[in-house]
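Please go through the points below with the structure open beside you. They are kept short and can be checked one at a time.

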Amino acid sequence: MNYFFYIYENGMNDISFSKSLLGLRILLILFIFQLVVLNVVAQDKQTINGTIKNEAGENLIGANIIIKGTSVGTITDINGQFSLEIEGRTDTLVFSYIGYLPVEVPLENHTTFDIVLSEDLMGLEEVVVIGYGAVNKEDLTGSVSVVSSDDYMAQPMTRIQDGLMGRAAGVNVQRVNGAPGGEVKIRIRGANSLNYSNDPLYVVDGFVGGDINSLNPSDIESMNVLKDASATAIYGSRGANGVIIITTKMPKKTDNFNINFETYYSEKKVVNLYDMLNAGEYATLVNQKDVALGREPTFTDSQIAEYKRTGGTDWQNEVLQPGSVQNYEINLSGGTDRVKYYVSGNFADDKGVFINTDWKRYSLRSNVSTKINDWLDFDLKLYGTREEKHNAGNKGFYGPLSIACMWSPTYPVYTDGDYSIDTAVIGTVLWNPVWDAMEQNAYTYTNTFLSSASVNLKLAKGLTFNIMGNANLRSANQNTFNRNQPGADISTATAYINDTYNITWQNTNNLTYTNNFGEHRITAMAVYEQQVTEQRGSNSTGKGFPTLATGFNNLQLAANQSISSFFVKSSLQSFMGRATYGYGSRYMLSATLRRDGTSKFQGDNKYSLFPAFAGTWTISEESFMPDLDWLSRLKLRVGWGETGNQAIPSYTTLQSMNTSSFITTMDGSTLTPGIGPGDPANPSLKWETTTQSNYGLDLSFFEGRINTSFDVYDKLTKDLLLSESLPDFQGGGEVLKNVGKVENKGLEIAISAILITTTNFTWNSSLNINFFKNKVLELYDPEDPDEYIIMDADFIIEEGKSIGSFYGFNFLGLWQIGEEEEAAKYGNVPGDARYEDIDGDYVIDKVPIGNGTPTSTWGWNNSFTFKNFGLNIFIQGNHGNDVWNQGRYSRIAGGSNVLNATSREVLGNIWSVDNQSGTLPGFSSTSVTWRNSSLFVESGAFIRLSNIALSYDLPSDFLKKINIRSLQCYVSASNLLTITDYSGYDPEISSSGNSDIAAGLDAGAYPLSRAITIGFRLGL
């Protein structure tokens, strides 16, 4: 058109009139044609707009709108709205969003679109992280459970282990210690080893052997649990106990700059307190015992009257208190097409329900991902944390909580300006429990720094090479000061300082090739990895201080001092490969081989191979399968593999030397430090090896609204690492040998369902159930006559039985009137405890009396939404296990350290001639109530309402006006209700901590608590 006006204005000067007239006609025709075209285009070029939401009515930010077959499109804004200029009315628009099914809509005459996207329930393109890589969920061959941050975000927590509890099939998570920052025990498909660690292997952002205790739960994107050997064999000598791969957060797409802040505050307390005797009841019972045993009463009538008036001291309440938790979290994330970042900071402060106990954590994380060019990416992840623990250990039977339930309520807490002493020795020979809690102080400071840097090169189409370097530094400083007991000289006070420093270096080199050839898909991976760990430390002790004022800060003041130090180094070198082949959407095969070499073993046993194979068959994709509307997917899985366990101390295969003080003078008056022979060498020592088979079935119904998985597994661990005592003529000591076998079998069921989805209401539910059986098949050599091992006198490992069996006397009740003659053969009288005599020789026998390992666990998670409200209910259960309630023994029976019962349970239940229906032994000089008796073994089964949380999201329209992206307020309650027959504080806790051999022991363990939490989450 501009050309026409140029000719019109300038052509008359250059050409003749006739020629100009012809040109004008031509240009006029062109002009008219241009006007027609412009008019047609102007009439068909229009602007369309609309909104995109999900089925819950929530706006989808960043959803894609594109004209099908082109690259023309746009995305939705923060309100889920879009606007797009189009040409033509015959096109089709495609609306899509990550995690949702795409929708196609013909343009026709529409100008406004209100689109609702449905979730992609099948999740076939969901990426699952596995060892040294990731696969689409549909290509997964092994048994893997995925726990995302969405699964547990409704439950406030300071430890990431709580997020796994009850949410992954085959994973048993037990809170064995209720102390702030207390220990959590995790087992995947049972315990394999008898003497060494059964903890799973943790892989944090590619670092193998990471420590999850220091992680901030808000930083975690997902936890993938590798359970069967076909999935864990890629970790070879460290994969026998299962693997948990933890991936921290990184923006999935280019985001605007986002700030998220969360804070919550919890109040907590111990529930199910013991019903204890008050001072008047206690004194009366003591006098009754005195009279029955022919002694003078301990208390006068006036004293008892005064005790009844005052009630005495409630020692249980003296050592317990309301606890609290404060948590503050801020993170920043965003990026561009080239750089993505996630930065977070966290502070958590947990004050325990037991006096003088607390825990703090400070953490800072920075994750950065950079796309340098089309063939080179660089990632850097840095994490630093500091933990401060104060008296957060589990002291057990001789700890202040246990002692508080033994001490006489007739004594006050303080006497004459100091802690009181049981001078009459009527309660226990142990010390004042408040003194024990307040004056025995242990402070542990742990600093951890984990760094991970990786370079990813795209060498060719489908061929990538990833180089990763990791460094994990950890230092721990424990300072302990134990004040002298009340009435003792201050010179008996003791101080300890222990320092340890660990550093681990890891280098991983991963070459991966992936390609598709029609319906054929192949992936091949080769990895070389090396890891070196150094640990050094020192221990200092001082006793005999002239003053208590300096505590552990001036050990040089101690009259008696001792020091020691150590250094340990180990290394692991690994070569591994994995190949997968898929045909269409029906068949998938995978094979893995890893060769590990460790400095912990010698000779031919230094290196070992760990193979694995797996395959899947998606039957629902076969042409012979009928088209069933209700069946979306039917898939079979089978896997087999071998993994190892090298979790033994370094230098175990070598002759050890003991450092100690030896007599150097004939009269024995002089001790000189020296070195002497220790345990003998065993150069033939090798790995514990676990062989596992897995058979799985995956079913999906009604277009993925219901998904189920069934897994049956069989694990056999052989070459168990056990210590065997040697006779003195062979040098004495113990030698570690590969002997014995342990078997674990089980069934896992996982069900998830989207039960209701409407515009205003949704209900999602997931349930996992685990059944498992553990059995010791063989101990020592097959021809060895010993088929059992006694552990610490109270636990037994026996062939044919499960790990974790209690060993004691089987309580048969009480000897009754009329059984005097038979009772006398055992030195007893009516009213005394009666125990089983197996061989009839009138000597009672110790037998297995219970087992602390559960046979089934389950977890049920339900999430509801109604408009802007959210409700999450999480229930879990344990069944088939026993708890050895040694605390009940001290409260009702007395013994070597407890002289009189303190529990109100004894009222009316002590046997006497006048009360022959009593179930507890009577007062008798011949009665012996054994601590290791089945009388104190109780069912540990429970069903717990673990968490319930109610949240409210403020309306986005309101928040937009004040420039806030999101704001959620919530309230939650944890451990709100526990249904159990157990008479202790809680059936889940265990004084034996992480032990499997001594599982289920409650000897005054730090109790769990009920917590009420309020908090909010703010997004800017």
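1. Helices (H or I, at least four residues) and strands (E, at least two) are DSSP runs, numbered from the N terminus. With those names, Ser420 can be placed in the loop between β23 (418-419) and α10 (433-439). Please keep in mind throughout that this is a predicted model.

2. How far can the prediction be trusted along the chain? The mean pLDDT of the protein chain is 85, and 90% of its residues reach 70 or more. Residues 1-44 are another matter: the pLDDT there is below 50, and the stretch has 16 contacts in the model beyond near neighbours in sequence.

3. Back to Ser420: is this residue buried or exposed? Its relative accessible area is 1%, and buried means under 20%, so Ser420 counts as buried. Leaving aside neighbours within four places in sequence, Ser420 is in contact with nine residues that can be picked out in the viewer: Trp315, Trp407, Tyr411, Pro412, Val413, Tyr414, Thr415, Asn432 and Pro486.

4. Two of these contacts of Ser420 deserve a second look. The Ser420 side chain reaches the backbone oxygen of Pro412 at 2.5 Å. It also makes a polar contact, at 3.1 Å, with the side chain of Asn432.

5. Next, a sheet. Five strands, in the order β10-β15-β16-β13-β14, form an open sheet with mixed pairing. Its edge strands are β10 (144-148) and β14 (207-208), each of which pairs on one side only. Within the sheet, β15 (residues 220-226) and β16 (residues 243-248) run antiparallel to each other and pair over 6 bridges. One residue pair to find is Val225, whose bridge partner in β16 is Ile244.

6. How many salt bridges does a search of the whole structure find? The search gives 34. Three of them are described in the next points.

7. Lys569 and Glu534 meet through their side chains in a salt bridge, at 3.7 Å from N to O. This pair links distant parts of the chain, 35 residues apart: Lys569 belongs to strand β28 (residues 560-583) and Glu534 to strand β27 (residues 520-543). Lys569 is partly exposed, with a relative accessible area of 40%. Glu534, at 25% relative accessibility, is also partly exposed.

8. Lys686 and Asp719 form a salt bridge in which the closest N and O atoms are 3.8 Å apart. The partners sit in loops 33 residues apart, Lys686 between β33 (671-677) and β34 (688-701), and Asp719 between β35 (706-718) and β36 (721-725). Lys686 is partly exposed, at a relative accessible area of 33%.

9. Leu685 lies in the loop between β33 and β34. Is Leu685 buried or exposed? The relative accessibility of Leu685 is 0%, so the residue counts as buried. Apart from residues up to four places away in sequence, Leu685 touches several others, including Phe601, Ile648, Leu721 and Leu736. Leu685 and Lys606 are 79 residues apart in sequence, while their C-alpha atoms are 9.3 Å apart in space.

10. The third salt bridge joins Arg944 and Asp986, with the closest N and O atoms 3.0 Å apart. Arg944 is in strand β50 (residues 942-953), whereas Asp986 is in the loop between β51 (966-980) and β52 (1001-1002), 42 residues away. Both partners are buried: Arg944 has 1% relative accessibility, and Asp986 has 6%. Arg944 and Asp986 also belong to a network of salt bridges that links them with Arg175 and Glu988.

11. Which residues have the most contacts inside the largest nonpolar core? They are Leu194, Val319, Phe354, Leu779 and Val906, in a core of 73 residues. Helix α6 (residues 279-292) gives the most to this core, with 5 residues. Another core, of 24 residues, lies apart from it and has Val147, Tyr152, Ile160 and Tyr202 among its members.

12. As a final check, select Leu194 and look at what surrounds it. Not counting residues up to four places away in sequence, Leu194 touches Leu720, Leu722, Val742, Leu779, Ile797, Ile803 and Ile997.

Conventions
Residues are numbered from 1 along each chain as its sequence is written. This is a predicted model: local features need pLDDT of at least 70, side-chain atom pairs count only at pLDDT 80 or more; totals for chains, interfaces and linings use all residues. Side-chain values use heavy atoms; hydrogens and water are left out. Buried means under 20% relative accessible area, exposed over 50%, partly exposed in between (1.4 Å probe, protein chains only). A polar contact is a pair of N or O atoms within 3.5 Å; within protein, one must be able to donate a hydrogen and the other to accept it, and residues adjacent in sequence count only if both atoms are side-chain atoms. Contact means heavy atoms within 4.5 Å. Two strands pair if DSSP finds at least two bridges between them. A salt bridge is a side-chain nitrogen of Lys or Arg within 4 Å of a carboxyl oxygen of Asp or Glu. pLDDT is the predictor's confidence in each residue, from 0 to 100. A nonpolar core is a set of buried Ala, Val, Leu, Ile, Met, Phe, Trp, Tyr and Cys residues joined through side-chain atoms within 4.5 Å.
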